[in-house]
Amino acid sequence: MASQSCYPDKAPQVSRLLDVLGHNLRREIIHFFENYTESQTVFVDELVSHLLGRIPETSADKLQMKLVHTHLPKLARTGWIDHDRRTDEVRYYGHDHAETWLGDLRAVFSDRTHTT
């Protein structure tokens, strides 16, 4: 991360980003749109099907409920997506640096040995 990203005037932006990326389901939703689909719009059931393959310890119904009531609204409030509850469509807007930030997070939690 560039040193300027830690300046106090950037703190609210960093806090919002960490809040958005702070849950694995929201990271998986972003990862899906950034890496697994060419479309910017999918139905919730398509997203659930994909996520079940990556998070198998949950049921489709439980996952859909978590997405619709918690994670999609949070991503919508921060401008990453729109979720039309009438049609169950999710439209991804993303962020210019989404894939880079997800890559940085993966590196932090990878098995790589860090030396100083």
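**Exercise 1.** In this predicted model, find which residues of H2 meet which residues of H4, and work out how the two helices are oriented.

*Solution.* Start with the contact itself. From H2, the residues are Leu25, Arg26, Ile29 and Ile30; their partners in H4 are Leu63, Lys66, Leu67, His71, Leu72, Lys74 and Leu75. Sorted by character, the residues of this contact comprise seven nonpolar, one polar and three charged. Next, look at the geometry: H2 (residues 24-35) packs against H4 at about 80°, and the axes lie 10 Å apart. Angles of 65 to 115 degrees count as roughly perpendicular, so that is how H2 and H4 stand to each other.

**Exercise 2.** Now follow H4 along its length: where is its kink centred, and which of its residues are buried?

*Solution.* H4 covers residues 60-77, 18 residues in all, and spans 24 Å from first to last C-alpha, close to the expected 26 Å. Along the way H4 kinks by about 45°, with the centre at Leu67. Leu67 is also one of the buried residues of H4, together with Leu63, Val68, His71, Leu72, Lys74 and Leu75. Step just past the end of H4 and you reach Gly79, which has a positive phi of about 90°.

**Exercise 3.** Finally, decide whether Thr58 is buried or exposed, and name its contacts beyond four places in sequence.

*Solution.* First locate Thr58: it sits in the loop that joins H3 (44-54) to H4. Its relative accessibility is 18%, and buried means under 20%, so Thr58 counts as buried. Setting aside neighbours within four places in sequence, Thr58 touches Leu52 and Leu63. Leu63 is already familiar: it is among the H4 residues that meet H2.

Methods:
Residues are numbered from 1 along each chain as its sequence is written. This is a predicted model: local features need pLDDT of at least 70, side-chain atom pairs count only at pLDDT 80 or more; totals for chains, interfaces and linings use all residues. Side-chain values use heavy atoms; hydrogens and water are left out. Helices (H or I, at least four residues) and strands (E, at least two) are DSSP runs, numbered from the N terminus. The expected span of a helix is 1.5 Å times one less than its number of residues. The bend at a residue is the angle between axes fitted to the seven residues ending there and the seven starting there. Buried means under 20% relative accessible area, exposed over 50%, partly exposed in between (1.4 Å probe, protein chains only). Axes are lines fitted to C-alpha atoms, for helices over the stretch in contact, and angles run from 0 to 180 degrees between N-to-C directions. Angles under 35 degrees count as roughly parallel, over 145 as roughly antiparallel, 65 to 115 as roughly perpendicular and the rest as oblique. Contact means heavy atoms within 4.5 Å. Ala, Val, Leu, Ile, Met, Phe, Trp, Tyr, Cys and Pro count as nonpolar, Asp, Glu, Lys and Arg as charged, and the others, Gly among them, as polar.
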